[in-house]
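This briefing sets out selected structural features of one protein chain for use in computational work. The points are grouped by topic.

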Amino acid sequence: MAEYNPQAVEAKWRDTWDSLGVFNADADPSRPKYYLLEMLPYPSGTLHMGHMRNYTIGDAVARYRRMRGFNVLHPIGWDAFGLPAENAAIKRGTPPRDWTNANIAQMKSVCRRFGFSYDWRREISTCEPEYYRWNQWFFLRMLERGLAYRKRSLVNWCPKCQTVLANEQVVDGCCWQHDDTPVEAKEIEQWFLRITQYADALLDDMVELEGGWPERVLVMQRNWIGKSRGTRVRFPAEGARDSKVQIEVFTTRVDTIFGAAAVILSPAHALLQTLFAGQPNHAKLEEEAARLRARIIRGADLATAEKEGFFTGRFATNPFSGQKVPIWVGNFVLAEYGTGAVMAVPAHDQRDFEFAQKYKIAFPVVIQPVESSPLRVPLKADEMKEAFTDYGRLVNSGAYSGLTSEAAIEKMTADAQTQGIGEAETTYRLKDWGISRQRYWGTPIPVIYCVQCGIVPVPDKELPVRLPENVLLTGQGQSPLANVPAFVNVKCPKCGAPGRRETDTMDTFIDSSWYFFRYTDPHNDRAPFDSALVRYWFPIDQYIGGIEHAILHLIYSRFFCKVMRDLGLVEIREPVRRLFSQGMVLKDSAKMSKSKGNVVGAIDMAEKYGCDTARMYTLFAAPPEKDLEWSEQGIEGCARFLHRVFRLIDRYAQLLRDISPRDSRPTKISAASEKEKILLRKAHQTLRRVTADFEARWHFNTSVALIMELVNTLQDREPLDKHARPEVLKQVLELLTVMLTPIAPHLAEELWEMLGHKESLHAEEWPQYSAELAQEEQVEVVIQINGRVRGRICVDVGLPEEELAERAFADPKIEQLLRGARVVKRVVIPDKLVNVVVAQ
RNA sequence: GCCGGAGUGGCGGAAUGGCAGACGCGGCGGACUCAAAAUCCGUUGGCCGCAAGGCCGUGAAGGUUCGACUCCUUUCUCCGGCACCA
């Protein structure tokens, strides 16, 4: 009797697969392709079971698809640039490249150990010049097309660190390393990508993704883009030195404009100086504005922060009513959205209402609820407790009084256009993508600043602009590259005059925005990829990753794809056909993390139970989209199961080894014994349902459960070969082995060999279930009276309705219960149930 | 506040209009053993009952239906996202 030794079995098949290169895939137009991808991992070092879930799901699907005859592209690589490497360098003095490569080596060995079926020839690492030169190449293409540009913008600045912080490094408004130091808003010059130019395309092309992407991801992206149609209206300002000063406001509710009680500007509004100029207290006003500017806060605090503001001393004219309204500054008006100024309509906007209450600004009601509204009385401004923000009917609005809000918005916008006081406008919440990082460990931005020529792109033939090694990293001050003279000082490629290189590096989201194209042609040194290869492999058939990337990565990637399409590199609009978001792995109801001390190490599991067991438990413990609570006892159950399967097959291996494949094909059911029927039926039913799970439902937990049921059926006091012919037994055990392949691939290979096969299982075709063998002969039909189960009968499958009803009524117990009752109705569902409805 | 998602035994979960609790974990009982581990067998939602059997039960309340975990309405709780976006 052989003993199942997972580690030995796993090492054996890992080596076999490696030496045969069985997971390498090459473009082959004669075969259907399947591009399966898990999101590019960041090489943070050790891998725990939380990381492994993603790959385990992907690998199960990859192996299944391969057996279905698809040419499966299943690559992996490393998101190798980024802050943690730089911070490790600052802390421990290890160069970022060494730290990163050591982590990659470690993670790679874990992935290999788990037997994930990657085509390792296609492995990429984004910190290698062979990769990031194409980041630079794409940047230059965007620069040529005006999609990359420079502008001053606000950043998070930590005065202690003397550096810019990423949004994620701001915790509760303070620096992550100095929790007593509030982050300041500082304006510096940065590079931006004009993603807003693609806002409509990003929105409209989502129809291609519907059905294939989780609805919530699409909703999140729609909200993020935040398209909003409204009207831009100009309010001429009075009294300012420049008499032509106009304040533009953006509103989605132009129908309420007769109710405007003020115009409110953002503290960062460009016109403030102009408005303050010439007023006796202008210094005081400047100071106030500066105070509000400095306290610009982001995130959740914003929504709860007290509304604050002050009167500028100037007035503007409402172009619709001709009324004079005061111009205010308010801390709740966002500089970056719309025009940075709003008209305040306290009666019909809650924020404006609160602002007016606080500063005692009087206002009229200009929208009354329609007759059907639950708000009965006509609204009166001095009695209102909150703003009335619904659509209604206009009052006190001159010629527009009496119109509905809908009609008024349309007419007033059109009138604004003809009178030259405004126009229809669409705004977006989406902003251009700031990609400059004052950091070392990233892709250098390929631009030179020349005193003569200004901004000069690095010529293509000089790419890549290499990141210098051995750079001193302190975490203090400006971009580390600025301190490397050999890097900074260059001749202008245009005129030869002395120039300076750009010393900022790119956001690492650039790296992951197009990496999946590179996988199709990872070693190309003339172009980012060969378009013909992309044409064959794209779109990605299945992308798997965490929900945390629902917005950033998945919008940036879509944006890059659209730019590439405009560059003529690809033909598709969308890179990813189907997206799957797996749930988290929890331990003690918390996400695994070193600081919480609740990590379950991948290698530990492989050593203790074997990675097949770890993979199986990962698939079994919960459906893949839900969070999974890791349980030591749970994984032990899976280990027990795999040992049981091994013993089961080992018991009959000798007997079955020499049965030829021909003999183990589906057997005629009529010739089968009762025991054989039970085995064949269960095996083919399992195959049918497991296949459905892999094809459509993606509920691998039920697949595992079904396979366990099959094994339970095979487990018997009596030896199976007593009542079943070896060829039947062999067929059933082979089906079991094949179904285990995506879940526990090493063990499956071993069992396959034990059953007498010389060829590796990976080349085996996923079998088709036999409907004839799966068919039950008899079914239990439930008999209900008034919807309550009162009896069961066994009948032949497919018994016609009438006969089934007769059988039900003939049942002695039912007959007795129905005696004297008046049957009102009967519902007969063949093979399922009979429900008799009787009058009470 | 707005937009999603979820709520089922002691636990993870199954059942998408037709027998609620598949499968696994844990528990209980037993076999094997000098003993233990491993393995195997049985049992395991609650209540009533010697039993046959009955009643209750999918967060709560209503509704649709012959029949609802499943569909609809209201509501509670938890999780996630967005949040002064004009």
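The accessible surface of chain A in this predicted model comes to about 38,100 Å², and carbon and sulfur atoms account for 50% of that area. Of the 840 residues in chain A, 54% are buried. The C-alpha trace spans about 105 × 85 × 50 Å along its principal axes.

**Overall composition**

- Chain A contains 27 helices and 34 strands.
- Contacts in chain A between residues at least 6 apart in sequence join residues at least 24 apart in 73% of cases.
- Chain A carries 107 positive and 109 negative charges, and the mean positions of these two sets are 2 Å apart.

**Strand β10 and its partners**

- Strand β10 covers residues 228-238, and eight of these 11 residues are buried, so the strand is largely enclosed by the rest of the structure.
- Six bridges link β10 to strand β18 (residues 422-427) in the antiparallel sense; within this pairing, G230 has E425 as its bridge partner.
- Strand β11 (residues 246-251) also runs antiparallel to β10, with six bridges between them; here R234 is the bridge partner of E248.
- The pairing of β10 with strand β13 (residues 309-317) is antiparallel as well and rests on two bridges, with E238 placed against F315 as its bridge partner.
- In general, strands of a sheet pair through backbone hydrogen bonds, in either a parallel or an antiparallel arrangement.

**A four-stranded open sheet**

- An open sheet is formed by four strands in the order β22-β21-β24-β23, with antiparallel pairing.
- Its edge strands are β22 (454-457) and β23 (489-491), each of which pairs on one side only.
- From one strand to the next, the twist averages 40 degrees.
- The edge strand β23 is joined to β24 (residues 498-501) by three bridges, and the two run antiparallel.
- Within β23 and β24, N489 stands opposite R500.

**Helix α19 and R615**

- Helix α19 is mostly covered, since nine of its 10 residues are buried.
- The buried residues are C611, D612, T613, A614, R615, M616, Y617, T618 and L619.
- R615 lies in this helix, which comprises residues 611-620.
- R615 counts as buried because its relative accessible area is 0%, below the cut-off of 20%.
- Apart from residues up to four places away in sequence, R615 touches T56, D59, R63, F114, G115, F116, P742, I743 and P745.

**Helix α23 and L729**

- L729 is located in helix α23, which comprises residues 726-740.
- With a relative accessibility of 0%, L729 is buried.
- Setting aside neighbours within four places in sequence, the contacts of L729 are Y652, L656, L679, L720 and D721.
- L729 and P346 are 383 residues apart along the chain, and their C-alpha atoms are separated by 80 Å.

**Backbone geometry: cis peptide bonds**

- Most residues other than glycine have a negative phi, and most peptide bonds are trans.
- The peptide bond between L463 and P464 is cis, with omega about 0 degrees; P464 sits in the loop between β22 and α14 (485-488).
- F538 and P539 are likewise joined by a cis peptide bond, with omega about 0 degrees; P539 is in the loop between α16 (531-537) and β26 (542-545).

**Backbone geometry: positive phi**

- K360 is a residue other than glycine with a positive phi, near 50 degrees.
- The position of K360 is in the loop between α12 (350-359) and β16 (367-368), and its relative accessible area of 71% makes K360 exposed.
- N396, which is not a glycine either, has a positive phi of about 50 degrees.
- N396 belongs to the loop between β17 (393-394) and α13 (405-419), and it is exposed, with a relative accessible area of 55%.

Definitions and conventions
Residues are numbered from 1 along each chain as its sequence is written. Chains are lettered from A and ligands numbered from 1 in the order in which they are written. This is a predicted model: local features need pLDDT of at least 70, side-chain atom pairs count only at pLDDT 80 or more; totals for chains, interfaces and linings use all residues. Side-chain values use heavy atoms; hydrogens and water are left out. Buried means under 20% relative accessible area, exposed over 50%, partly exposed in between (1.4 Å probe, protein chains only). Contact means heavy atoms within 4.5 Å. Accessible areas come from the Shrake-Rupley method with a 1.4 Å probe; for residues, only the protein chains shown count as cover. Lys and Arg count as positive and Asp and Glu as negative; His and the chain ends are not counted. The place of a charge is taken as NZ of Lys, CZ of Arg, CG of Asp or CD of Glu. Two strands pair if DSSP finds at least two bridges between them. Axes are lines fitted to C-alpha atoms, for helices over the stretch in contact, and angles run from 0 to 180 degrees between N-to-C directions.
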